[in-house]
Protein chains: 2
Amino acid sequence: MSETPTDRFIETLGLIYQSEGAPRIAGMILALLLMSDRPMSLAEIAGRLGISKASASTNTRLLERRGMASKTRGGGRQDFWEADPDPQSRVLPALAERFREHARAVQGVARTFPPEEEAKRAKIARFAAFYDDSAEFLDAWSARLTAMADPSPETN
Amino acid sequence: MSETPTDRFIETLGLIYQSEGAPRIAGMILALLLMSDRPMSLAEIAGRLGISKASASTNTRLLERRGMASKTRGGGRQDFWEADPDPQSRVLPALAERFREHARAVQGVARTFPPEEEAKRAKIARFAAFYDDSAEFLDAWSARLTAMADPSPETN
DNA sequence: GTTTCCGTTCAATTTGGATTGAACGTGACG
DNA sequence: CGTCACGTTCAATCCAAATTGAACGGAAAC
């Protein structure tokens, strides 16, 4: 009755997700789907992980929004979920998106500074620029990673 | 009695920190110190932000560990805190460090897979490699940013 | 040497977000 | 149609982490 390697992966990815401020269960589901050789229904996922189907539903759809998992309607009325082939490739774009939101928020604040406080405004603006530049950079790097892993888009 | 631009910055950076899974108060303190023209004592910080001095202590030291703020012992027995000149430059290295931890954790799991499950192990190993490569890249990019902002290390 | 004023620590409390149970909506099967 | 088997929703609950209050330790001031 000892813990299998797959169990360990599920647990580990759950902890990673948690430490990144995402729902632990989303990480667990992603790990489970990655290790599964066939698509799984919500009920299977919930049963295997010992979680409620409410959680399974919420978190599979979270993964879907991030482009890390997708569902296929089975013959009956079940949805079957599977991990996308390269879920890692979505990590950095998701981060970039968050950074862009931060940049927008900070830029909004910078605009509220009156002319007398130009120095402070500039300091804040640099903060915003950092977030924006980093977002752009993360996207670029991510695209390069993708291109290396999958050199198909050679439409020369 | 309306909210000043500085207040808005404090609030915004607090929310950003919170959304990144860090203590909201750490973000608020960083924003306050950035906007302050002089170093501030713990008591001042706590008073200005309306928080306990326990929190002020804990979170200033968190910022210190991240290299975003530093204290100077004042003449008396107070510590005076100020934001480091370029706190943004610490964001990506901190992220890189987290990614490296993730990589280590995932590699550890990969090692527990038996030979029969080589395919699964390889999938996980790629996950780990992603975290490790990204960490390395984040550090490199961050160093470049720093070099551009501060081109002093030209020991030619 | 004593008092005072700091910052730190830590157990207790609070808070925000994740998770759940139960009710609901919907499309399939008879 | 009516029933059933699913996925979704949402208010209630739970939980981990942030925050606090109070007690503490130690360096400065006297």
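**Exercise 1. The contact between the chains**

Task: State how many residues chain B and chain A each bring to their contact, then find how much area they bury between them.

Solution.
Step 1. Count the residues. Chain B gives 41 residues to the contact and chain A gives 43. Keep in mind that this is a predicted model.
Step 2. Take the area. The size of an interface is often given as the accessible area lost when the parts come together. Here chain B and chain A bury about 4,000 Å² between them. Carbon and sulfur atoms carry 73% of that area.
Step 3. Find the main contributors in chain B. B:Gln88, B:Phe127 and B:Phe137 lose the most area to chain A. Together they make up 16% of what the chain B side buries.

**Exercise 2. Polar links and the chain B side**

Task: Count the salt bridges between chain B and chain A, then describe the side of chain B that touches chain A by element and by residue class.

Solution.
Step 1. Count the salt bridges. There are two between chain B and chain A.
Step 2. Look at one of them. B:Glu20 pairs with A:Arg98, and their closest N and O atoms are 2.7 Å apart. The cut-off for a salt bridge is 4 Å.
Step 3. Add the polar contacts. Seven residue pairs are in polar contact across the interface of chain B and chain A, both residues at pLDDT 80 or more.
Step 4. Assign the elements. On chain B, α1 (5-19), α2 (24-35), α5 (91-111) and α6 (118-149) each supply at least two residues of the side that touches chain A. α6(B) gives the most, with 13 residues.
Step 5. Sort by class. The chain B side has 25 nonpolar, seven polar and nine charged residues.

**Exercise 3. DNA strand D**

Task: Identify which residues come nearest to DNA strand D, and say which atoms of the strand the protein approaches.

Solution.
Step 1. List the nearest residues. There are 20 residues around DNA strand D. A:Ser57, A:Arg61, B:Ser52, B:Ala54 and B:Ser55 come nearest.
Step 2. Split the strand's atoms. Of the atoms of DNA strand D within 4 Å of the protein, 73% belong to sugar and phosphate.
Step 3. Check the phosphate contacts. A polar side-chain atom of A:Ser57 sits 2.7 Å from a phosphate oxygen of DNA strand D. For B:Ser52, a polar side-chain atom is 3.0 Å from a phosphate oxygen of the strand.
Step 4. Check a base contact. An N or O atom in the side chain of A:Lys53 is 3.2 Å from a base oxygen of DNA strand D.
Step 5. Place the surface. α4 (53-65) of chain A, and α2 and α4 (53-65) of chain B, each supply at least two residues. α4(A) has the largest share, four residues.
Step 6. Sort by class. The surface near DNA strand D holds six nonpolar, six polar and eight charged residues.

**Exercise 4. The strands**

Task: Give the strand order of the open sheet in chain A and explain why β1 and β2 of chain A stand at the edges. Then trace the pairing of β2(B) with β3(B).

Solution.
Step 1. Read the order. The three strands of chain A run β1-β3-β2, with antiparallel pairing.
Step 2. Find the edges. β1 (40-41) and β2 (69-73) of chain A each have a single partner strand, so one side of each lacks a neighbour in the sheet.
Step 3. Count the bridges in chain A. β2(A) and β3(A) (residues 79-83) pair over five bridges. A:Arg73 has A:Asp79 in β3(A) as its bridge partner.
Step 4. Turn to chain B. Five bridges join antiparallel strands β2(B) (residues 69-73) and β3(B) (residues 79-83). B:Lys71 has B:Trp81 as its bridge partner. A hairpin connects β2(B) to β3(B) through five residues.

Definitions and conventions. Residues are numbered from 1 along each chain as its sequence is written. Chains are lettered from A and ligands numbered from 1 in the order in which they are written. This is a predicted model: local features need pLDDT of at least 70, side-chain atom pairs count only at pLDDT 80 or more; totals for chains, interfaces and linings use all residues. Side-chain values use heavy atoms; hydrogens and water are left out. Contact means heavy atoms within 4.5 Å. Buried area is the accessible area (1.4 Å probe) that two parts lose on being put together, summed over both. A salt bridge is a side-chain nitrogen of Lys or Arg within 4 Å of a carboxyl oxygen of Asp or Glu. A polar contact is a pair of N or O atoms within 3.5 Å; within protein, one must be able to donate a hydrogen and the other to accept it, and residues adjacent in sequence count only if both atoms are side-chain atoms. Ala, Val, Leu, Ile, Met, Phe, Trp, Tyr, Cys and Pro count as nonpolar, Asp, Glu, Lys and Arg as charged, and the others, Gly among them, as polar. Two strands pair if DSSP finds at least two bridges between them. A residue is near a molecule or strand if one of its heavy atoms lies within 4 Å of it.
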